[in-house]
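User: Hi! I'd like to walk through this structure with you, one question at a time. Could you keep the cut-offs clear as we go?

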Amino acid sequence: MLSATDLAFSYVDGEPILGGAAVRIANGEFVALLGPSGCGKSTLLRLLAGLETPNKGSVQWSLDRTLRPGIVFQDAALMPWATVKENVLLPHKLSGAELAVPNVDELLAAVDLAGLNDRYPAALSGGQRMRVSIARALSASPDILFMDEPFAALDEILRFQMNDLMLQLKAEKGFGGLFVTHSLYEAAYLADRILVMGNGKIIGEISPELDRGQRAEAVRTSKQYLDAVSKIAALLATGRRENG
Amino acid sequence: MVRFLLPIGTLFGLMFLWSLSIEIFEISKFILPAPVDVWHALLRDFNSLLMSLFSTLKITMIALFCAVVSGVGLALLFSLSKHFESAVYPFAVILQVTPIVSIAPLVLIWVGIDNVERALAIIAWLAAFFPILTNMSAGLRATDRNLEDLFKLYGAGPWQRFWGLSWPTALPYLLASLKVSGGLALIGAVVAEFVAGSGGATGIAWRILEAGNRLQTDKMFAGLILLTTLGVIIFYGLQAVEYWLLRYRRNG
């Protein structure tokens with residue numbers, strides 16, 4: 001439903017950041033982008049989300065229907081002057097009449113924030129703010145969720161909770177997604193497919209094929225999960241050797 | 001409560017020392033009147049001083065209003081065009097760094113001969129305008145990068161972007177500069193009245209100047225007290241506006 005071929009990008013007068021990356025994301029598929037700092041992960045995500053225009057190559061969004069995007073950033077990026085409810089309704093307000101008015105109560109209940117509609121962000125904890133930003137991304141009923149290191153600023157326990165929340169929401173709502181992460185564990189746990197990047201290119205691909213029927217702890221200790229983590233680590237190490 | 005009582009206690013202590021030193025050193029009331037003399041002067045001339053104070057307040061408010069309109073307007077134009085900013089900003093700096101007292105006589109000659117109030121308002125505006133321009137410019141540049149992306153992703157138009165993102169981001173900057181500019185407008189108005197002298201000015205600064213010429217030192221102090229009170233009221237009034245408009249920043 002989303003594909004891109006031969007993407008190249010550099011800022012004016014700058015070093016090339018991306019050189020010939022190709023990506024395909026199927027409907028409902030969760031894809032992780034992993035790689036060392038400065039390898040072009042975030043740039044690739046921004047190109048695919050349409051926030052930047054590639055110098056070369058193109059991004060095709062599915063032709064059969066209009067693809068609705070959602071986005072989650074590393075920090076919650078809420079409007080401090082607006083209530084939780086107003087923040088969640090922002091995508092609807094901006095895109096106008098195309099979308100049905102989202103049910104804020106339901107969305108907030110889904111991210112475990114029921115009853116906080118009229119709070120301002122200043123009165124929320126870091127984890128609560130992050131969950132508001134997820135509710136905001138979901139309020140546009142996205143087909144694809146772009147996430148740029150979405151939980152990097154959270155502590156480990158909160159991060160695990162958010163990972164499980166994300167999987168649960170994905171199962172309920174059926175959206176696909178592309179997320180950038182620094183954590184191989186998070187990538188292996190969340191993604192259907194992991195793209196490992198190095199030096200502006202995709203250098204390898206892994207599909208963990210976890211048994212999602214099990215409980216979270218069981219998944220995190222399963223052989224498939226640990227195999228995926230070590231494969232990713234091996235790929236990252238190869239990429240580093242080639243660069244160095 | 002202690003925060004409120006301490007400065008008042010200090011004030012009474014200082015007034016006591018003031019009265020005492022006048023007694024001990026036998027200072028003439030033309031040089032330094034006792035607090036009680038100042039109080040009597042304040043009661044005696046209260047009506048005329050208050051009328052003058054309102055005249056100064058009017059000039060200050062007109063100047064502050066014009067400073068907000070012009071400062072915000074120019075900052076908006078700056079945010080729209082870098083070239084315009086490069087062309088105009090140096091002149092705003094020149095206006096800012098030139099001492100207001102030295103421009104005031106020129107302004108009075110140009111526009112003050114048939115309408116002194118207009119000249120006073122222009123001088124006060126010159127004093128108040130710059131902080132609003134620079135703060136508002138900084139505020140318009142301070143938008144959250146991620147929120148900008150979000151607005152772009154959902155196809156926001158330029159007006160949605162402005163009212164939904166740029167304006168609320170810049171508002172705290174504008175309100176902070178208002179507190180500075182409110183005081184500067186008052187100072188500008190007072191300076192203008194001093195420079196205008198007897199050329200038709202009727203404000204509180206002119207009353208102080210007039211009392212000085214007549215060696216009514218107690219009345220000078222009375223005028224000064226009213227002027228200071230006005231400055232404090234302007235500051236805390238604007239602070240209250242800020243507190244109310246930015247109430248979302250407080251927890252709970």
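User: Which class does Glu148(B) fall into: buried, partly exposed or exposed?

Analyst: Happy to help, and a word on the ground rules comes first. This is a predicted model, in which local features need pLDDT of at least 70 and side-chain atom pairs count only at pLDDT 80 or more, while totals for chains, interfaces and linings use all residues. Residues are numbered from 1 along each chain as its sequence is written, chains are lettered from A and ligands numbered from 1 in the order in which they are written, and side-chain values use heavy atoms, with hydrogens and water left out. Buried means under 20% relative accessible area, exposed over 50%, and partly exposed in between (1.4 Å probe, protein chains only); at 25% relative accessibility, Glu148(B) is therefore partly exposed.

User: Which residue forms a salt bridge with Glu148(B)?

Analyst: A salt bridge here is a side-chain nitrogen of Lys or Arg within 4 Å of a carboxyl oxygen of Asp or Glu. For Glu148(B), the closest N and O atoms of the pair are 4.0 Å apart. The pair links distant parts of the chain, helix H7 of chain B and helix H8 of chain B, 13 residues apart; helices (H or I, at least four residues) and strands (E, at least two) are DSSP runs, numbered from the N terminus. The partner, partly exposed at 32% relative accessibility, is Arg161(B).

User: How many residues does H7(B) give to the side of chain B that touches chain A?

Analyst: Contact means heavy atoms within 4.5 Å, and the contact takes 22 residues from chain B and 25 residues from chain A. One salt bridge is counted between the two chains. Helix H7 (145-153) and helix H8 (158-196) of chain B each supply at least two residues of that side. H7(B) gives the most, and its number is eight residues.

User: What area do chain B and chain A bury between them?

Analyst: Buried area is the accessible area (1.4 Å probe) that two parts lose on being put together, summed over both. Here 66% of it is on carbon and sulfur atoms, and Leu153(B), Tyr154(B) and Tyr248(B) supply 36% of the area that chain B buries against chain A, more than any other three residues. The total between chain B and chain A is about 2,000 Å².

User: Which residue of chain B forms a salt bridge with Arg46(A)?

Analyst: Side chains of opposite charge can pair when their charged atoms come close. In the pair that Arg46(A) makes, the closest N and O atoms are 2.4 Å apart. The partner is Asp149(B).

User: Why does the salt bridge of Glu29(A) tie together distant parts of chain A, and which residue is its partner?

Analyst: Glu29(A) lies in the loop between strand E2 (16-25) and E3 of chain A, while its partner is in strand E8 of chain A, so the pair ties together parts that are 164 residues apart in sequence. The closest N and O atoms are 2.6 Å apart. Glu29(A) is buried at a relative accessible area of 15%, and its partner counts as buried too, at 13%. That partner is Arg193(A).

User: Is E3(A) covered or uncovered, and how many of its residues are buried?

Analyst: In a regular strand the side chains alternate between the two faces of the sheet. In E3(A), Phe30(A), Ala32(A) and Leu34(A) are buried on one side, with Val31(A) and Leu33(A) buried on the other. Strand E3 (residues 30-34) of chain A is mostly covered, and the buried count is five of its five residues.

User: Which residue in E7(A) is the bridge partner of Phe30(A)?

Analyst: Two strands pair if DSSP finds at least two bridges between them. E3(A) and strand E7 (residues 176-181) of chain A pair in the parallel sense over five bridges. Phe30(A) is buried, with a relative accessible area of 0%, and its bridge partner in E7(A) is Gly177(A).

User: What is the phi of Leu215(B) near?

Analyst: Leu215(B) lies in the loop between H9 and H10 of chain B. The phi of Leu215(B) is a positive value in a residue other than glycine, near 60°.
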